[in-house]
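Colleague: I have a few minutes before the meeting. Can you put the model up and take some questions?

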Amino acid sequence: MIRNPEYPDSFLRQMEVVGSSDISQGASEQYWVEHKANMTWGTQEALSNVWNPQDVAIFGAGKCNDIRLLEVMQRGSVQNIDLYDLDADGLEIAIGYVQSRINSIMPEAINFVNFNPIVADVTFMMKSMLRKFNSIRADFTSDFAPVGAEREKKLIDAILNAIFGALDNRQIPEKQYDVIVSDCILSQILAAFEIQIEKLRCDLLKKAESSDALWEDVEASVHGVITQDHFNLLSQMTKPNGAVFVASDNTLLYRGKVSKAHFELLQSMQKKGELPSEERIRDFGGDYVVEELMVPRFKYMDGDITRMAEKHMPDFEVVDSKKWEWNRDPHELQNDGCVFGAEEVQGVVLKRK
Ligand SMILES: C[S@@+](CC[C@H](N)C(=O)[O-])C[C@H]1O[C@@H](n2cnc3c(N)ncnc32)[C@H](O)[C@@H]1O
């Protein structure tokens, strides 16, 4: 069994967004064709930019439904692939699947590549951040909690201090890799922060005490800090001549049917950047086909992972980048060919200058 007592299942539940997709390996072969091809392309491209790459890490490997690991290990020089994820069950499935494929088609390769599942948090600070958030909750529900006009500001300060404190006091592994793949994990990390911050806000403030604009600023600055940190970590954990492949879903695509009136409303909301969430769009129901609405996944993610990588990884140069569509789950493919809630993914390959 692949487990790490430091990250029990209860931790995974507390994080809410974390966990491999519920799609099976078989279904991913059918529904994730484009996604798999591009994730494998980016990984191979990163490997091609390194002389004699031996050590590879995949951050957010989960069930590894999206990278053809057999193709990666067929490159002669690769000796070790560390699969990082918080989801131990997902990693177990990934390893089991690879081994069964190895046994059935190329048993001799098993001698050459070591698959190493690592149940860990690749921000290396979620645990201490959640602990700090719990103590904020205790402080704000105690008899000595701040009250009045300052309450909201004090809560925001406490949240930001907790995040900066957790970042400052963590330990980052010293291990370095020839190639690191950031496997559609950035959006999940950002979502985890967003959910936890939103929970504190909703639980600890009354509606009248809370200003949307202020919290949008908090969200944007936390997203900025955490995004930058993710790129820094990738840079720090890559060997001097190494390369990275960063892929993340950055935009939600909506296609489907709504009423004509709602379509016009949605168009005008799109112009102002005020589109409602997927569930709300579904509620609009009707016969009018929405060709395509594109909504940035997070406000801070400006829809361009390449631009973000260039900004945050100044020691690296962009080798290549691509965009593609990822239909998250088969149930999102409607019978009439309409897709709701698919995602646009962007992948960028970088090598050290
Ligand atoms: C969208 S999935 C990527 C798809 C996955 N490679 C697959 O093939 O199913 C993102 C993965 O990142 C993992 N994850 C999210 N936040 C994490 C964190 N802070 N540390 C490690 N893994 C995390 C999730 O458990 C999930 O398996």
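Colleague: Leaving aside neighbours within four places in sequence, which residues is M15 in contact with?

Modeller: M126 and A192, once those sequence neighbours are set aside. Keep in mind that this is a predicted model.

Colleague: Where is M15, and is it buried or exposed?

Modeller: M15 is in helix α1. It counts as buried because it has 22 C-beta neighbours inside 10 Å, and the cut-off for buried is 20 or more. The C-alpha atoms of M15 and A191 are separated by 9.4 Å, with their positions 176 residues apart along the chain.

Colleague: What about S21, where is that?

Modeller: S21 is in the loop between α1 (9-15) and α2 (25-31). S21 is partly exposed, because 17 other C-beta atoms lie within 10 Å and that count falls between the limits of 12 and 20. From C-alpha to C-alpha, S21 is 8.5 Å from G90, and the two are 69 residues apart in sequence.

Colleague: Step back a bit. How many helices and strands are in the chain?

Modeller: 12 helices and 8 strands. The chain has 353 residues, and buried residues make up 34% of them. Taking contacts between residues at least 6 apart in sequence, 85% join residues at least 24 apart.

Colleague: And the largest nonpolar core, how many residues does it have?

Modeller: The largest nonpolar core has 69 residues. Those with the most contacts inside that core are I58, I81, L83, V179 and V244.

Colleague: Take V244. What does V244 touch, not counting residues up to four places away in sequence?

Modeller: A46, V179, I180, S182, L234, T238 and L350. V179 is another of the residues with the most contacts inside the core.

Colleague: Follow L350, then. Which strand is L350 found in, and what does L350 touch?

Modeller: L350 is in strand β8, residues 340-352. Not counting residues up to four places away in sequence, L350 touches A243, V244, A309, M313, F316, E317, V318 and V319. The C-alpha atoms of L350 and V318 are 4.4 Å apart, although the two residues are 32 apart along the chain. L350 is buried because it has 27 C-beta neighbours inside 10 Å.

Colleague: Different topic. Which residues are closest to the ligand?

Modeller: G60, G62, N65, D87 and Q188 are the closest of the 25 residues that surround the ligand. The shell around the ligand has 10 nonpolar, 9 polar and 6 charged residues. β2 (80-85) and α8 each supply at least two residues of that shell.

Colleague: Since α8 came up, how do the axes of α8 and α9 cross?

Modeller: The axes of α8 and helix α9 (residues 212-236) come within 10 Å and cross at roughly 145 degrees. The crossing of α8 and α9 is right-handed.

Colleague: Which residues meet there?

Modeller: From α8, L186, I189, L190, F193, E194, I197 and R201. From α9, they meet W215, V218, E219, V222, H223, I226, T227 and H230. The residues of this contact divide into 9 nonpolar, 3 polar and 3 charged.

Colleague: L186 is in that list. How far apart in space are N250 and L186?

Modeller: N250 and L186 are 9.2 Å apart, C-alpha to C-alpha, and 64 residues apart in sequence. N250 lies in strand β5, residues 238-258. N250 counts as buried because it has 22 C-beta neighbours inside 10 Å.

Colleague: One for the backbone people. What is the phi of C64?

Modeller: C64 has a positive phi of about 55 degrees, although it is not a glycine. C64 is in the loop between β1 (55-59) and α4 (69-73). C64 is buried, because 28 other C-beta atoms lie within 10 Å.

Colleague: And C184, what phi does it have, and where is it?

Modeller: C184 also has a positive phi of about 55 degrees without being a glycine. The place of C184 is in the loop between β4 (177-183) and α8 (186-204).

Colleague: Is C184 buried or exposed?

Modeller: C184 is buried, with 22 other C-beta atoms within 10 Å.

Conventions
Residues are numbered from 1 along each chain as its sequence is written. This is a predicted model: local features need pLDDT of at least 70, side-chain atom pairs count only at pLDDT 80 or more; totals for chains, interfaces and linings use all residues. Helices (H or I, at least four residues) and strands (E, at least two) are DSSP runs, numbered from the N terminus. Axes are lines fitted to C-alpha atoms, for helices over the stretch in contact, and angles run from 0 to 180 degrees between N-to-C directions. A crossing is left-handed if the near helix is turned anticlockwise from the far one by less than a right angle, and right-handed if clockwise. Two residues are in contact if their C-beta atoms, placed from the backbone, lie within 7 Å. Ala, Val, Leu, Ile, Met, Phe, Trp, Tyr, Cys and Pro count as nonpolar, Asp, Glu, Lys and Arg as charged, and the others, Gly among them, as polar. A residue is near a molecule or strand if its C-beta atom, placed from the backbone, lies within 6 Å of it. A nonpolar core is a set of buried Ala, Val, Leu, Ile, Met, Phe, Trp, Tyr and Cys residues joined through C-beta atoms within 7 Å.
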